[in-house]
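Please look through the sequence and the model shown below, and then follow the report on how some of its strands pair and on two of its loop residues.

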Amino acid sequence: MKNNHTKTKVIPHTRATVAVHLILLDGNKILLMRRKNTGYQDGNWQVPSGHVMEGETPTGAMVRKAREEIALTIDHTELQHVHTSYRVKHDETGTRVDIFFRASLNARHVAIGSLQHCDRLKWYYPETLPEDTTPHIADAIIASGRGIIFAEHSLAYVMGNPLYGMAAK
């Protein structure tokens, strides 16, 4: 009897790191923080953000990161999902899924939560973000303001932007 089974090449599933980002509004302005000593995008502006840890939900991670990074106590019910982006693997950190939430300051105070990883907080209008805002962050801020809830970023997107430090030579 002949075996009619053929071997099929198994292609591994993508394993992605999930990060959360907070678009915190005070009126029409968005809070940005300048990164330092993190090993990723140091010197550039981003919104408060961080990785979702094992066993943690995205909203739980965002509540934790708001407290750690900008000393803001926020409830998960205040977070509105406004955008998700997918970035293909472009460095040792791997493929990324970035989830963006929006919330309002509502007369609360923010402060740098870790002077080791941030040297400045500043409020910006979305249309006047600094040139050294991390590209996928700036894109998500603009997209979420236009009601675009999903974006994909290819390797060409990353390679073509000098702020990622990988621009083609």
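Strand β5 and strand β8, which covers residues 150-153, run parallel and are joined by 4 bridges. Within this pairing, in what is a predicted model, Ser85 stands opposite Ala151 in β8. Strand β5, made up of residues 80-87, also pairs with strand β6, residues 95-104, but here the sense is antiparallel and the pairing extends over 7 bridges. On this side, Arg87 is the residue that stands opposite Arg96 in β6.

The two pairings of β5 can be set side by side as follows.

| Partner of β5 | Sense | Bridges | Facing residues |
|---|---|---|---|
| β6 (residues 95-104) | antiparallel | 7 bridges | Arg87 and Arg96 |
| β8 (residues 150-153) | parallel | 4 bridges | Ser85 and Ala151 |

The loops deserve a look as well. Which sign does phi have in Ala71, a residue that is not a glycine? The angle is positive, at about 55°, and Ala71 is placed in the loop that lies between α1, residues 58-70, and β5. Because its relative accessibility is 43%, which falls between the limits of 20% and 50%, Ala71 counts as partly exposed.

Ala107, which is likewise a residue other than glycine, has a positive phi near 65°, and its place is in the loop between β6 and β7, where β7 covers residues 118-124. Is Ala107 buried or exposed? With a relative accessibility of 83%, and with exposed meaning over 50%, Ala107 therefore counts as exposed.

Terms used:
Residues are numbered from 1 along each chain as its sequence is written. This is a predicted model: local features need pLDDT of at least 70, side-chain atom pairs count only at pLDDT 80 or more; totals for chains, interfaces and linings use all residues. Side-chain values use heavy atoms; hydrogens and water are left out. Two strands pair if DSSP finds at least two bridges between them. Helices (H or I, at least four residues) and strands (E, at least two) are DSSP runs, numbered from the N terminus. Buried means under 20% relative accessible area, exposed over 50%, partly exposed in between (1.4 Å probe, protein chains only).
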